[in-house]
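Please find below a colleague's note on this structure, set out as numbered points. The order runs from one side-chain contact outward to the ligand, and then to the backbone.

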Amino acid sequence: MKQLLIYCRPGFEKEAAAEIQDRAGQFGSPGFARTKDDSGFVIYECFSPDDADLLARKLLFRELIFARQMVVVEAEVKDLPLDDRISPLLDAAEGMELCGDLRVETPDTNDGKELSRFCRKFTVPMRQALRGKGLLTDKEVRNRPILHLFFLANNHALVGYSYSFNNSPFHMGIPRLRFPADSPSRSTLKLEEAFHVFIPREEWDLRLTSGLNAVDLGAAPGGWTYPLVSRGMMVTAVDNGAMDTKLMDTGQVKHYREDVFSWRPARKNVYWLVCDMVEKPARVAATMAAWLMDEDCQEAIFNLKLPMKKRYAEAVHNLQQLKEKLAELGGFHIQAKQLYHDREEITVHVYRPFKVARLVPKE
Ligand SMILES: C[S@@+](CC[C@H](N)C(=O)[O-])C[C@H]1O[C@@H](n2cnc3c(N)ncnc32)[C@H](O)[C@@H]1O
């Protein structure tokens, strides 16, 4: 297989393309990326026939910043007859390894949204047909590849697969989250999504739980404080602006009207540091690095705003600076993603696994 399909945020095709070209090249699988502005996806054409499969298995998806999903393209099917799309798609999937699940998807564009109702309705009969042909396991199985049908129009689809150990677990690479009505700002969903993407669910009781202290830098009105408070944490909110009254009434929030770049906690009892500010990314990254290096926090999630131009280069540069700084102490894991709820920004997560290992599990 020569083509790797990368889903991305519409408008970020060039960034996703630059990244896959860069990373696949470093990996030893050169090729070139084909993009169309605002299409919400990129096709990476490998020069070598087996490289798309190799990349899907070995190039760590978690390390890609702008990719929402990574799929090996098995076939492109055009001019599907509208009265029987299933038969040609089954033919296209013939010869594929047995898959454990099916996802019928579209690009995250307005055209894609119009197709999503069809995709939902199409999933059940397609699944049955794939099972009938022995191309899909009878029940959903996690340790098999996932079969993706990526509809570009109602008669045009890419057929492919991703590996469940190296992909996004979410349909279209987007976690579906409900906005909590009592949160003071929609940006709550950014931090909530970061928790879903970066923290394994089985560790939430350890890492996202009551008894932990958190600091929210640039907190007002409290969209990022909200998911911490709702998980029972005590939160110090630092911001010159006003915090939401309902959040303050919980008794779990202390508010300091101070400059976030000079404020530090008096005691080393902070586990989480979160920060969502419209600031120069280099300044935010340097502040986060200083907190982590001084052990003023153990785990951090923050945003880096991207400039209008050279967004990929800027993201890589800032992450590299952060990596170099943190390497002085060592043991840090850094992951960066442009999340679904991120616009002109990426979200970065930094922690040290051995610190997590020291957290005491709840009875
Ligand atoms: C994007 S808003 C934060 C939104 C918040 N995370 C939420 O979800 O509700 C950025 C905040 O940073 C604050 N801010 C910016 N620079 C600051 C500084 N130097 N010191 C304190 N607060 C600052 C602003 O007052 C603003 O409330």
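**Note on the predicted model**

1. The side chains of N303 and D276 make a polar contact at 2.9 Å, and this pair is a convenient place to start reading what is a predicted model. N303 sits in strand β12, which spans residues 299–305, and a second polar contact, of 3.3 Å, joins the side chain of N303 to that of E345. Leaving out residues up to four places away in sequence, N303 touches K190, W224, C275, D276, V284, D342, E345, I346 and T347. With a relative accessibility of 1%, N303 counts as buried, because the cut-off for that class is under 20%. The C-alpha atoms of N303 and G223 are separated by 14 Å, the two residues being 80 places apart along the chain.

2. D276, the partner of N303 in the 2.9 Å contact, is placed in the loop between β11 (272–275) and α9 (281–293). Its relative accessibility is 17%, and D276 therefore counts as buried, given that the class takes values under 20%. Besides the contact with N303, the side chain of D276 makes a polar contact of 3.3 Å with the side chain of K190. Neighbours within four places in sequence aside, the residues in contact with D276 are S187, K190, L217, G218, W224, N303, K305 and E345.

3. Which residues are the closest to the ligand? They are S187, G223, D239, D259 and D276, out of 17 residues that surround the ligand. By class, this shell holds seven nonpolar, six polar and four charged residues.

4. Several individual distances describe how the ligand is placed. A side-chain N or O atom of D276 is 3.0 Å from a nitrogen atom of the ligand, whereas for S187 a side-chain N or O atom is 2.5 Å from an oxygen atom of the ligand. The backbone also takes part, in that an N or O atom of the P221 backbone lies 3.4 Å from a ligand oxygen atom. Of the 600 Å² of accessible area that the ligand has on its own, the protein covers 76%.

5. The UniProt record, an unreviewed entry, lists S187, A220, P221, G222, G223, D239, D259 and D276 under "binding site". It should be kept in mind that such annotations may be inferred rather than shown by experiment. Among the listed residues, P221 lies in the loop between β8 (213–217) and α7 (225–230), and the peptide bond that leads from A220 to P221 is cis, with omega near 0°.

6. D239, also listed under "binding site" in that record, lies in the loop between β9 (234–238) and α8 (245–249). The side chain of D239 reaches the backbone nitrogen of A220 at 2.9 Å, and, apart from neighbours within four places in sequence, D239 is in contact with G218, A219, A220, H255, Y256, R257 and E258. At 15% relative accessibility, D239 counts as buried.

7. The same unreviewed entry in UniProt gives residues 84–163 as "domain: Ribosomal RNA large subunit methyltransferase M THUMP-like". Over this stretch the chain is 39% helix and 25% strand, and its end C-alpha atoms are 28 Å apart. T106 is placed in the loop between β5 (101–105) and α4 (110–132), and a polar atom of the T106 side chain lies 3.4 Å from the backbone oxygen of G112. T106 counts as buried at 4% relative accessibility, and its contacts, sequence neighbours within four places aside, are G112, L115, C119, F150, F151 and M172.

8. Two residues other than glycine deserve a look for their positive phi values. D38, with phi of about 60°, is found in the loop between β2 and β3 (41–46) and counts as exposed at 52% relative accessibility. E295, with phi near 55°, is found in the loop between α9 and β12 and counts as partly exposed at 27%.

9. A last residue to inspect is S29, placed in the loop between α1 (13–27) and β2 (31–35). Its relative accessible area is 0%, so S29 is buried, and, residues up to four places away in sequence not being counted, S29 touches A24, Y44, D51, L54 and L55.

Definitions and conventions. Residues numbered from 1 in each chain as written. Predicted model: local features only at pLDDT ≥ 70, side-chain atom pairs only at ≥ 80, totals over all residues. Heavy atoms only, no water. Helix = DSSP H or I, 4+ residues; strand = E, 2+ residues; numbered from the N terminus. Buried < 20%, exposed > 50% of the residue type's maximum accessible area, 1.4 Å probe, protein only. Contact = heavy atoms within 4.5 Å. Polar contact = N/O pair within 3.5 Å; in protein donor to acceptor, adjacent residues only side chain to side chain. Near = heavy atom within 4 Å. Areas by Shrake-Rupley, 256 points an atom, 1.4 Å probe, with all protein chains shown as cover. Nonpolar A, V, L, I, M, F, W, Y, C, P; charged D, E, K, R; others polar.
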